[in-house]
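Good morning, and thank you for making time for this item on the agenda. I would ask you to keep the structure in view while I speak.

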Amino acid sequence: MIKLFSPEDISEFTKTDSVFKLIMEGVSVSRTSVRRYREYFRKYYQEILAKTLMFAYDYDLTCFDRVAIDGTILKACNAPFNYITKKDLRRLLRILKNKRYGVSEVVLLKKPAQNFYYNKNMTVEQKIMFLEEAKIQMKIYGKKKIPLYDPEARWMMNKKKKKQISYNIQTCVDTTSQLFLSVYASQNATDHYELPPTLQKAIENSPQKPREVLADAGYNTEITFSFLKEENMEGYIYNATQSRIDKGKRRTNPFSLDNVEIHYTENYIECFMGYPLFNEYTYRVHDEKKTAKGLPDETKRIYVNTEACKDCPLRKECLSEKQHHKTYTIYGSPEKREMITKMKEKTAKEIYKQRAPTVESPFGTLKQFYHIDTIFYRGREKIENMMNLYAIAYNLKKIYEKLKTTLTEDKRYITFIQKTRNKYTT
Ligand code: SF4
């Protein structure tokens, strides 16, 4: 499988392509059957993905001990200008629900909303249903505008720093075999809160619960740490400063937090002049929005040493005009601080090095050979299922590559397919 084929292509291949013929045991299918089949089996993709992991586990290819998590932004099937504002949505619903409002009201709508009103492929009931759903999405996520054709997608910044309507696709990959353990389509633009749902799916899919998790600084949040603690799992996660230093992008200002020594165990900071700055104040930062989302409070620590700064010869360079003394602020729970201390150790750094090749190589393959940039489904769940299907194809290919040396030359595909089918069809 080199990409996700359309039902028309699959229908054609079952008549002409030898591999497709073999899989279908000579039965050719119509495109309608393929569509129906996809619709019916979509909900089983996650289970099938779990079966591929079981297969790899049974053949001793890996024990899923250590996994890595990362995300990528995928453009949704919705042009950037095709969105509807809150005002237009209300007006459109009023027009559709109440026949008293006519064309005179429609002209007041923005162009995309007008096009939606005149869309002949949808009935009035379907349009109302769609808009009601979009209204709920706006309310839940506090949005003032929402994509018109895929209301579950969100504006996100891609790697080229361009804002586009997208999904944040999270994956969990095994470091030994590079097999996908789970896929999770998120509506959040950042990775901050995405480790728990992605890892939870990986735990459900994996034949053995992973013990260690590698993730980049985007996941260095309290919710990540409380989840790892709850699941009794070991994390290897850099914070933003460590990540910048790792990439050689350390801040040049010698007085910035990147360049001072933080002694987490003894709880003080050693400034550029070598003076200790002590933890004078500690606050719990309560954020209603975060609490509503079930996120824990953050801890804020303030480090100062007014006496040292008073006579310091570098006052002019270190402090701004308004400052009398230096203040360093560090956020984080004891777990977060423990992680920073751990990630300074050589062994932890060595383990963390496995993260990038583990997660980036499978994604690169999906992008380059499976053309995942072309999304032709709409809705979070459908996109996630589509990605699960890619992950299944990727895993099967990867397992086949690893096992092919043990299969006889002329019967590689046949033996592999038969083995898979006999063992895991229930
Ligand atoms: S001003 Fe204070 S914090 Fe800055 S270098 Fe001098 S002693 Fe250290």
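**Strands, ligand shell and loops**

I begin with one pair of residues: V213 stands opposite G235 in strand 8. The path between these two strands leaves strand 7, passes through helix 10, residues 222–231, and arrives at strand 8, making a β-α-β crossover that is right-handed. Please bear in mind throughout that this is a predicted model.

The pairing behind that first contact is parallel: strand 7 and strand 8, the latter at residues 234–237, are joined over four bridges. Strand 7 also pairs with strand 1. Strand 1 covers residues 66–75 and strand 7 covers residues 212–215, and the two run in the parallel sense, again over four bridges. Within this pairing, R66 has E212 of strand 7 as its bridge partner.

Strand 1 has a further partner in strand 5, and here the sense is antiparallel, over nine bridges. If you look for K75, you will find S166 of strand 5 opposite. Is strand 1 mostly covered or mostly open? Eight of the ten residues of strand 1 are buried, so that we may call this strand mostly covered. For the chain as a whole, buried residues make up 29% of the 426 residues.

Let me now step back to the overall layout. The chain contains 19 helices and 13 strands. Its C-alpha trace spans about 85 × 75 × 35 Å along the principal axes. How is the chain divided into domains? Domain 1 is made of three segments, 7–77, 157–238 and 353–424, while domain 2 covers 83–148 and domain 3 covers 251–333. Between the centres of domain 1 and domain 2, taken over C-alpha atoms, the separation is 36 Å.

I turn next to a second sheet. Five strands form an open sheet in the order 9-10-11-12-13, and the pairing is antiparallel. Why do strand 9 and strand 13 each have one side without a neighbour in the sheet? Strand 9, residues 261–263, and strand 13, residues 327–331, stand at the edges; each has a single partner strand, and therefore one side of each is left without a neighbour in the sheet. From one strand to the next, the twist averages 30 degrees.

At one end of this order, strand 12, residues 298–304, pairs with strand 13 in the antiparallel sense over five bridges. In strand 13, T327 is the residue opposite V304.

The ligand deserves its own moment. Which residues come closest to the ligand? Of the 13 residues that surround it, the closest are C271, C309, C312, C318 and K326. Two elements give two or more residues to this shell, namely helix 13, at 306–310, and helix 14, at 315–318. By class, the shell holds eleven nonpolar residues, two charged residues and no polar ones.

Two loop residues also merit attention for their backbone angles. The first topic is E25, which has a positive phi of about 55 degrees although it is not a glycine. E25 sits in the loop between helix 2, at 18–23, and helix 3, at 31–41. Is E25 buried or exposed? There are 6 C-beta neighbours inside 10 Å of E25, and the cut-off for exposed is 12 or fewer, so E25 counts as exposed.

The other is Q178, also a residue other than glycine, with a positive phi near 60 degrees. Q178 lies in the loop that links strand 5, at 163–174, to strand 6, at 180–186. Because Q178 has 19 C-beta neighbours inside 10 Å, and burial requires 20 or more, Q178 counts as partly exposed.

I close with A356, found in helix 17, which covers residues 355–369. With 14 other C-beta atoms within 10 Å, A356 is partly exposed. How far apart are A356 and L22 in sequence and in space? These two residues are 334 residues apart in sequence and 37 Å apart in space, C-alpha to C-alpha.

Thank you for your attention.

Notes. Residues are numbered from 1 along each chain as its sequence is written. This is a predicted model: local features need pLDDT of at least 70, side-chain atom pairs count only at pLDDT 80 or more; totals for chains, interfaces and linings use all residues. Two strands pair if DSSP finds at least two bridges between them. A crossover is right-handed if, with the strands pointing away from the viewer, the path from the first strand over the helix to the second runs clockwise. A residue is near a molecule or strand if its C-beta atom, placed from the backbone, lies within 6 Å of it. Ala, Val, Leu, Ile, Met, Phe, Trp, Tyr, Cys and Pro count as nonpolar, Asp, Glu, Lys and Arg as charged, and the others, Gly among them, as polar. Domain bounds come from an automatic or database domain assignment. Axes are lines fitted to C-alpha atoms, for helices over the stretch in contact, and angles run from 0 to 180 degrees between N-to-C directions.
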